[in-house]
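User: I've got a model open and I'd like to talk through it piece by piece. Can you take my questions as they come?

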Amino acid sequence: MRILELLAKLSAILAGVLLTGITLMTCGSLIGRNTVGVSIVGAFELTGVAAGAAIAMFMPICQARRGNIIVDFFTAKASERAQSGMDRIGAFVIALIFALLAWRSTLGGLNSHSYGSETQIMGFPEWIVYAFMVPAFVLAGLIALHQAVFGFSVPEDAAGEGAI
């Protein structure tokens, strides 16, 4: 699990760098528009594609730190063993969902690449977004599968302060 956690942290760092770059670009575009009347054409397109990629790239760390929403209203009074079993089943289901997302994103990226699909204004190749999303979904799925098989090594309360 150490390697998976390390890769999840790397993915989150890359997502943070991507969002920081997009934030700086947006600020530059707004400052340019409001001071000299010139903005970055298509900045909103890049913001959209970067946000989509970044969200996917944050998924592995979210799964590793058990940051997904858990509704335990009905199971709060169940035994610890029962809760652990249900958590493992939930982790297996989410692993299947991430596998499905990775598979469909791969097909979407291949389709986008073969048709040369681009954003409307800037002509940014859409397949690049998929290229960032697919490995993140695969990694999140592997983390969830590991949790389903071996249990959870990170306590739920570690998801808050200093988890990364």
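User: How far does helix α1 reach from its first C-alpha to its last?
Analyst: Keep in mind that this is a predicted model. Helix α1 covers residues 2-35, which is 34 residues. At 1.5 Å a residue you'd expect 50 Å, and the computed reach is close to that, at 49 Å.

User: Which elements do the buried residues of α1 pack against?
Analyst: There are buried positions along α1, including L4, E5, A8, S11 and A12. Further on, I22, M25, S29 and G32 are among the buried ones too. The elements these buried residues pack against are α2 (43-64) and α4.

User: At which residue does α2 bend?
Analyst: End to end, α2 looks regular: its 22 residues reach 32 Å, close to the 32 Å expected. There is still a bend of about 25°, with a proline, P60, following within four residues. The residue at the bend is F58.

User: How many salt bridges does the structure hold?
Analyst: Side chains of opposite charge can pair when their charged atoms come close. Here E5 meets R65 at 4.0 Å, N to O. D87 pairs with R66, with the closest N and O atoms 2.9 Å apart. The count for the structure is two.

User: How many residues apart are E5 and R65, the pair that links distant parts of the chain?
Analyst: The side chains of E5 and R65 meet in a salt bridge. E5 is in helix α1, while R65 is in the loop between α2 and α3. Both E5 and R65 are buried. Along the chain, the two are apart by 60 residues.

User: D87 forms a salt bridge with R66, so is D87 buried, exposed or partly exposed?
Analyst: D87 sits in helix α3, and its partner R66 is in the loop between α2 and α3, 21 residues apart. R66 counts as buried because its relative accessibility is 15%, and the cut-off for buried is under 20%. D87 comes out at 23%, so it counts as partly exposed.

User: What is the phi of R66, which is not a glycine?
Analyst: Most residues other than glycine have a negative phi. R66 is found in the loop between α2 and α3, and it follows α2. Its phi is positive although it is not a glycine, at about 55°.

User: What positive phi does G37 have, following α1, and what about G151 just after α4?
Analyst: G37 follows α1, and its phi is near 80°. G151 comes just after α4, and its phi is about 90°.

User: Which elements are included in what covers the buried residues of α4?
Analyst: The 24 residues of α4 should span 34 Å at 1.5 Å a residue, and the end C-alpha atoms are 35 Å apart, so the two agree. Its buried residues include V129, M133, F137, L139, I143 and A148. What covers the buried residues includes α1, α2 and α3.

User: Is Q147 buried or exposed, and what does it touch?
Analyst: Q147 lies in helix α4. It is buried, because its relative accessible area is 2%. Leaving out residues up to four places away in sequence, Q147 touches M1, Q63, A64, R66, R88, A91 and F152.

User: What separation do the C-alpha atoms of A102 and P135 have?
Analyst: A102 is in helix α3, and it counts as buried because its relative accessible area is 8%. Not counting residues up to four places away in sequence, A102 touches V134, F137 and V138. P135 is 33 residues from A102 along the chain, and the C-alpha separation is 7.5 Å.

User: Which element gives the largest share of the nonpolar patch?
Analyst: The surface patch is made by F92, L96, V138, L142, L145, V149 and F150, about 660 Å² in total. The elements giving two or more residues are α3 (80-115) and α4 (127-150). With five residues, the largest share comes from α4.

User: Is F150, one of the patch residues, buried or exposed?
Analyst: The place of F150 is in helix α4. Its relative accessibility is 59%, and the cut-off for exposed is over 50%. So F150 counts as exposed.

Key:
Residues are numbered from 1 along each chain as its sequence is written. This is a predicted model: local features need pLDDT of at least 70, side-chain atom pairs count only at pLDDT 80 or more; totals for chains, interfaces and linings use all residues. Side-chain values use heavy atoms; hydrogens and water are left out. Patches are made of residues with over 30% relative accessible area and no salt bridge: like charges are joined within 9 Å, nonpolar side chains (Val, Leu, Ile, Met, Phe, Trp, Tyr) within 5 Å. Accessible areas come from the Shrake-Rupley method with a 1.4 Å probe; for residues, only the protein chains shown count as cover. Buried means under 20% relative accessible area, exposed over 50%, partly exposed in between (1.4 Å probe, protein chains only). The expected span of a helix is 1.5 Å times one less than its number of residues. Contact means heavy atoms within 4.5 Å. The bend at a residue is the angle between axes fitted to the seven residues ending there and the seven starting there.
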